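Student: I am new to this structure and would like a close look at one part of it. Could you take me through the largest pocket and then show me what lies beyond?

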Amino acid sequence: MNAGIEWRSERLDSSTGYTARTRETTSIFGGYIERIDRGQFEFNVRRDEEEQFGRRNTGSVAYGYTLDGGLSAYLRGGRAFRAPSFNDLYYPGFSNPRLQPESSDQAEAGLRWRGQVQRVQLAYFENRINNLIQFDLATFLPQNVARARVRGWEMQTDLTVAGTSIRGALTVQRPEDRDSGARLRSRAARFGSVSASRGFGDWHVSSDIVASGHRFDSGNAAANSRMGGYTLLNATVGYRIDKTWRVEVSGQNLTDKRYELAQGYNTARRGIFVTLRAVAF
């Protein structure tokens, strides 16, 4: 079991004349985990009393069961809450003081399998979000999407082959405005990654490929707001000089891919970074 109390005070110090400059939140929370034979039950609850947006109750519940042959199954559900930031509410020219906080209900069901050198997880998820906060390029202001939903499948795997650790992840989802049916802004329907790493004595080498499908930079999936998909290649070579010092050379976006995360805004092109790191403990 666990329990706690949290108090947070936010105070804004800025030359900009914000409408509000303080916000206080008092929270209590607790959790409980119980293992019975092959099953495990987990329960968490939290209550926030916020000066600006009132009282909110959130929490989660989950149950997992171990089957034979390294297989296990689980179910998880929860409720979440997110308040808009001071910038969302008051930043001059790019804010919306009428924003409402987000609230969401989440559910997930999955299977996990663990072998001697490999782990695989497959899960179905669905998140229903009320008053989703997202930036609207048509008005250049953050707006609430009254009813949003993100549902889909995730798969993750880890394995070791000839001393090389390989990890892969893939998400296939449908992020949509439940009222209009349009895809949510800046969210891809498919994305994933593959990475590999290996150590050779004092040397360590790793590389990863990150890929994403196309997205729309609008709230109605307009054709002229479509941003193409992309694939990025990154790699790192590290050397341990002694017990304290390490040096790394890493390359980001090695293929120099040009892509956008928001229309009209450049992302970083090919970059090479040299890092010298001291590990004291």
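Tutor: Gladly, and please keep in mind that this is a predicted model. The lining of the largest pocket is made up of 26 residues, and those nearest its centre are Ser-72, Tyr-74, Arg-76, Arg-112 and Gln-121. Six elements each give two or more residues to this lining: β3 (39–50), β4 (54–66), β5 (71–82), β6 (102–114), β7 (118–136) and β8 (141–161). Among these, β4 gives the most, with seven residues. By character, the lining has nine nonpolar residues, 10 polar ones and seven charged ones. The space inside comes to about 530 Å³.

Now look again at two of the residues nearest the centre of the pocket, Tyr-74 and Arg-112. Arg-112 places its charged end over the ring of Tyr-74, at 4.3 Å from the ring's centre. A second arrangement of this kind involves Arg-23, which lies over the face of Phe-86, 4.8 Å from the centre of that ring.

Rings also meet other rings here, and the structure holds seven aromatic pairs. One of them joins Tyr-91 and Phe-94: their centres are 6.5 Å apart and their planes stand at 40°, so this pair counts as tilted. Both partners are partly exposed, Tyr-91 with a relative accessible area of 38% and Phe-94 with 42%. Another pair is formed by Tyr-230 and Tyr-259, with centres 4.4 Å apart and planes at 25°, so it is stacked. This pair links distant parts of the chain, 29 residues apart: Tyr-230 belongs to strand β14 (residues 230–240), while Tyr-259 sits in the loop between β15 (245–252) and β16 (271–278). Tyr-230 is buried at 13% relative accessibility, and Tyr-259 is buried too, at 16%. As for Tyr-91 and Phe-94, they form one aromatic cluster together with Phe-135 and Phe-140.

Strand β14 leads us to one more place to visit. It supplies four residues to the lining of the second largest pocket, the largest share there. Two or more residues also come from each of β11 (203–212) and β15. Among the residues lining this pocket are Trp-203, His-204, Tyr-239, Arg-240, Glu-248 and Arg-277. The lining divides into three nonpolar, four polar and five charged residues, and the pocket's volume is about 180 Å³.

How values were computed. Residues are numbered from 1 along each chain as its sequence is written. This is a predicted model: local features need pLDDT of at least 70, side-chain atom pairs count only at pLDDT 80 or more; totals for chains, interfaces and linings use all residues. Side-chain values use heavy atoms; hydrogens and water are left out. Rings of Phe, Tyr and Trp (its six-membered ring) pair if their centres lie within 6.5 Å; planes under 30 degrees apart count as stacked, over 60 as edge-to-face and the rest as tilted. Buried means under 20% relative accessible area, exposed over 50%, partly exposed in between (1.4 Å probe, protein chains only). A charge sits over a ring if NZ of Lys or CZ of Arg is within 6 Å of the ring centre and within 35 degrees of the ring normal. On a 1 Å grid over the protein atoms alone, a cavity is a set of points where a 1.4 Å probe fits but cannot get out, and a pocket is an open set with protein on both sides within 12 Å along at least five of seven lines; lining residues have an atom within 4 Å of a point. Grid points are joined across faces, edges and corners, and a volume is the space filled by probe spheres set on the points. Ala, Val, Leu, Ile, Met, Phe, Trp, Tyr, Cys and Pro count as nonpolar, Asp, Glu, Lys and Arg as charged, and the others, Gly among them, as polar.
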